[in-house]
Amino acid sequence: MAYDIIFFDLDGTLIDPNLGITKGVQHALDKFGISESIENLKHFVGPPLHKSFHKYYGFPEKQALQAVEYYREYYIPIGMYEGTKYNGITELLTRLKNANKKVSIVTSKPNFLAKEIIRFHKMDSFFEEIKGCLPDLSNADKTTLIKEMLETRSEEKNSVVMIGDREFDIIGAKENGIDSIGVLYGYGSREEIINAAPTHVVQSVEELENYLV
């Protein structure tokens, strides 16, 4: 299947953000008197942060949103710049651009942060649109974000694909009636991706490039 419109997740798909995110979460938990090693916080990469604070530490909504504010105390000045591009991503995006594919980002990260990260990594020119959530995280669910992206486009859904490393990307695509590609080089386990049943699964950036172009 040749896809003309490609939606990429950001964290765990284009960028390896592990250090900045886990150190930000560690900083937030410390504010609540919770000591945790960053090695135990990798599951925070991908899902909306406030939901993860609730899921893993039982924070009620108000406390979870406060934890996100503490997280940003570290992440905005330091953490967002600690991520690294996955090897081969620039080459992949260059080939997609040369093939006249319409490429965008759909991420549960707030829009202002996503745009700054893309600018920092000098990837601005590759994307038609960067769709992140609102600062208050009210629309951070991937299903909602993908729906909002599709509402601005007139193309047939069978020409659109969502690419991501977590089940939320796959589920969001399914609930909006588009195909998905699960990548196994990010932060979702093989079991998580396979159980979500994406349209396709790839092991590496190189395999993804060969599939898309």
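## Close-up views of cavities, a pocket and single residues

**View 1. The second largest cavity has a volume of about 40 Å³.** The model is predicted, so local features need pLDDT of at least 70 and side-chain atom pairs count only at pLDDT 80 or more, while totals for chains, interfaces and linings use all residues. Residues are numbered from 1 along each chain as its sequence is written, and side-chain values use heavy atoms, with hydrogens and water left out. A cavity is a set of points, on a 1 Å grid over the protein atoms alone, where a 1.4 Å probe fits but cannot get out, and lining residues have an atom within 4 Å of a point. Volume is the space filled by probe spheres set on the points, which are joined across faces, edges and corners. The lining of the second largest cavity consists of D11, I15, P17, Y75, G79, M80, E82, G83 and I117. Five of these residues are nonpolar, two are polar and two are charged. Here nonpolar covers Ala, Val, Leu, Ile, Met, Phe, Trp, Tyr, Cys and Pro, charged covers Asp, Glu, Lys and Arg, and polar covers the others, Gly among them.

**View 2. The largest cavity has a volume of about 200 Å³.** Searching the whole structure gives two cavities of 30 Å³ or more. Around the largest cavity stand 19 lining residues, and those nearest its centre are D11, P47, L49, S108 and K109. Helix 3 (61-75) and strand 4 (102-110) are the elements that give two or more residues to this lining. Helices (H or I, at least four residues) and strands (E, at least two) are DSSP runs, numbered from the N terminus. By class, the lining of the largest cavity holds eleven nonpolar, three polar and five charged residues. D11 appears in the lining of the second largest cavity too.

**View 3. The largest pocket encloses about 240 Å³ of space.** P47, P48, K51, E167 and F168 are the closest to its centre among the 18 residues of the lining. Two or more lining residues come from each of helix 2 (49-57), helix 6 (142-150) and helix 7 (167-175). Helix 7 contributes the most, with five residues. Charged residues number eight in this lining, beside six nonpolar and four polar ones. A pocket, unlike a cavity, is an open set of points with protein on both sides within 12 Å along at least five of seven lines.

**View 4. K109 belongs to strand 4.** Is K109 buried or exposed? K109 is buried, because its relative accessible area is 7%. Buried means under 20% relative accessible area, exposed over 50%, and partly exposed in between (1.4 Å probe, protein chains only). Leaving out neighbours within four places in sequence, the contacts of K109 are L10, D11, I21, Y75, A114, I117, G132 and C133. A contact means heavy atoms within 4.5 Å.

**View 5. Y75 lies in helix 3.** Y75 has a relative accessible area of 2%, so Y75 is buried. Not counting residues up to four places away in sequence, Y75 touches G20, I21, M80, K109, L113 and I117. I21 and I117 are also among the contacts of K109. A distance links this view to another part of the chain: the C-alpha atoms of Y75 and Y187, which stand 112 residues apart along the chain, are separated by 19 Å.

**View 6. N100 and K122 each sit in a loop.** N100 is in the loop between helix 4 (89-98) and strand 4. K122 is in the loop between helix 5 (111-120) and strand 5 (129-133). Most residues other than glycine have a negative phi. What is the phi of N100? The phi of N100 is near 60°, a positive value. K122, which is not a glycine, has a positive phi of about 55°. N100 is exposed, with a relative accessible area of 67%. K122 has a relative accessibility of 67% and therefore counts as exposed.

**View 7. The protein chain contains nine helices and eight strands.** This view sets the close-ups in the whole chain. The C-alpha trace of the protein chain spans about 50 × 30 × 30 Å along its principal axes. Of the 213 residues in the protein chain, 51% are buried. Among contacts with a separation of 6 or more, 66% join residues 24 or more positions apart.
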